[in-house]
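Morning, everyone. I have one structure for you today, and I'd like to walk through it from the overall picture down to a few single residues.

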Amino acid sequence: MSRRWPLLAGLALLGAVWLGPLPQLAAQRFAAHMTMHVVVVAIAAPLLALGLGGARIDPVRRWPAAFQPLLVSVIELVVVWGWHAPGLHQLSRHHGWAMVLEQGSFLAVGLALWLSAFGGDVALRDRRRPAGVFALLMTSMHMTLLGVLLALAPRPLFGHDAIADQQLGGVLMLAAGGTSYLAGGLYLLAGLLRLKPPVETDPGCRGSEPP
């Protein structure tokens, strides 16, 4: 598949999320804010990674040491959970500059994680595949945990949001956030299982040399 189409699709999704009605709706509706978050990190970011991975401008090819999957996954965990602390969350929903900072950081860490798992040349991807599997599955688990926390909390966690609105946001996180990273991790795992180790010839099984 050409890299152009996933790249264009990812950019189109970012345009729809950031330039459409969602930023204004996010100030009143928690679910709208969560929709922005999920689309950026779990849909647009992997599409952009598919478009950039292996290309000349793929940063993993230039700076592979900066894109270690496990390290990047920890950074994404800190960024995602940090922005869902009540104070920072309210700041991002009611101040434009904070929303730009939040959304930009979501895209940066999301794209970095997906590129760390799918970027680089073929030989590099094969070597990093086990770490990529673990990183994506770990991210799926903490995204799922966040979704469960939001969906099952007995009271609103962020100001005066309606509990039903918060629950809908949690379901969105479960349905799209956790599922996307789980699918990516399983895809990498399937590729890892298909890799065949090189066959080593046992010297003892070689035929005797002719005299």
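I'll begin with the whole chain, then take two helices, then three residues.

So, keep in mind that this is a predicted model. What is it built from? The protein has 9 helices and 0 strands. Reading from the N terminus, the order is simply α-α-α-α-α-α-α-α-α. Along its principal axes, the C-alpha trace spans about 90 × 35 × 25 Å.

There are 211 residues, and 44% of them count as buried. The accessible surface comes to about 11,300 Å², with 70% of that belonging to carbon and sulfur atoms. On charges, we have 15 positive and 10 negative, and the mean positions of the two sets lie 7 Å apart. And how do the contacts spread along the sequence? If you take contacts between residues at least 6 apart in sequence, 76% of them join residues at least 24 apart.

Okay, helix H1. That's residues 4-19, so 16 residues, and the distance from the first C-alpha to the last is 22 Å, close to the 22 Å you'd expect at 1.5 Å a residue. Which of its residues are buried? Pro6, Gly10, Leu14 and Val17. Those four cover an arc of only 75° around the axis, so they sit on the same side of H1. Turn to the face away from that buried side and you find Arg4, Trp5 and Leu19, which are exposed. As for what covers the buried residues of H1, that includes helix H2 (22-25), H3 and H7.

Next, H5, residues 69-83. Its 15 residues should span 21 Å at 1.5 Å a residue, and the end C-alpha atoms are indeed 21 Å apart, so the two agree. The buried set in H5 is Pro69, Val72, Ser73, Glu76, Val79, Val80 and Trp83. Note that a glutamate, Glu76, is in that buried set. Looking down the axis of H5, the buried residues fall within an arc of 125°, which means they line one face of the helix. And what do they pack against? H3, helix H6 (86-94), helix H7 (96-118), helix H8 (122-152) and helix H9 (163-194). H3 turns up here for H5, and it was among the elements covering H1 too.

That brings me to a residue in H3 itself. Val39 sits in that helix, which runs over residues 30-52. Is Val39 buried or exposed? Its relative accessibility is 14%, so it counts as buried. Setting aside neighbours within four places in sequence, Val39 contacts Leu13, Val17, Ala44 and Ala45. Val17, remember, is one of the buried residues of H1. Val39 and Ala16 are 23 residues apart in sequence, with their C-alpha atoms 9.9 Å apart.

Just past H3, in the loop before helix H4 (59-62), there's Gly54. It's a loop residue, but at 16% relative accessibility Gly54 counts as buried. Leaving out neighbours within four places, Gly54 is in contact with Arg3, Arg61, Gly119, Gly120 and Arg125. Compare its distance to His37: 17 residues along the chain, and 26 Å between C-alpha atoms.

Last one: Ser140, in helix H8. With a relative accessibility of 6%, Ser140 counts as buried. Beyond residues up to four places away in sequence, Ser140 touches Gly178, Tyr181 and Leu182.

That's my tour; over to you.

Definitions and conventions: Residues numbered from 1 in each chain as written. Predicted model: local features only at pLDDT ≥ 70, side-chain atom pairs only at ≥ 80, totals over all residues. Heavy atoms only, no water. Helix = DSSP H or I, 4+ residues; strand = E, 2+ residues; numbered from the N terminus. Buried < 20%, exposed > 50% of the residue type's maximum accessible area, 1.4 Å probe, protein only. Contact = heavy atoms within 4.5 Å. Expected span 1.5 Å × (residues − 1). Arc of directions from axis to C-beta. Areas by Shrake-Rupley, 256 points an atom, 1.4 Å probe, with all protein chains shown as cover. Lys, Arg positive; Asp, Glu negative; His and termini not counted. Charge placed at Lys NZ, Arg CZ, Asp CG, Glu CD.
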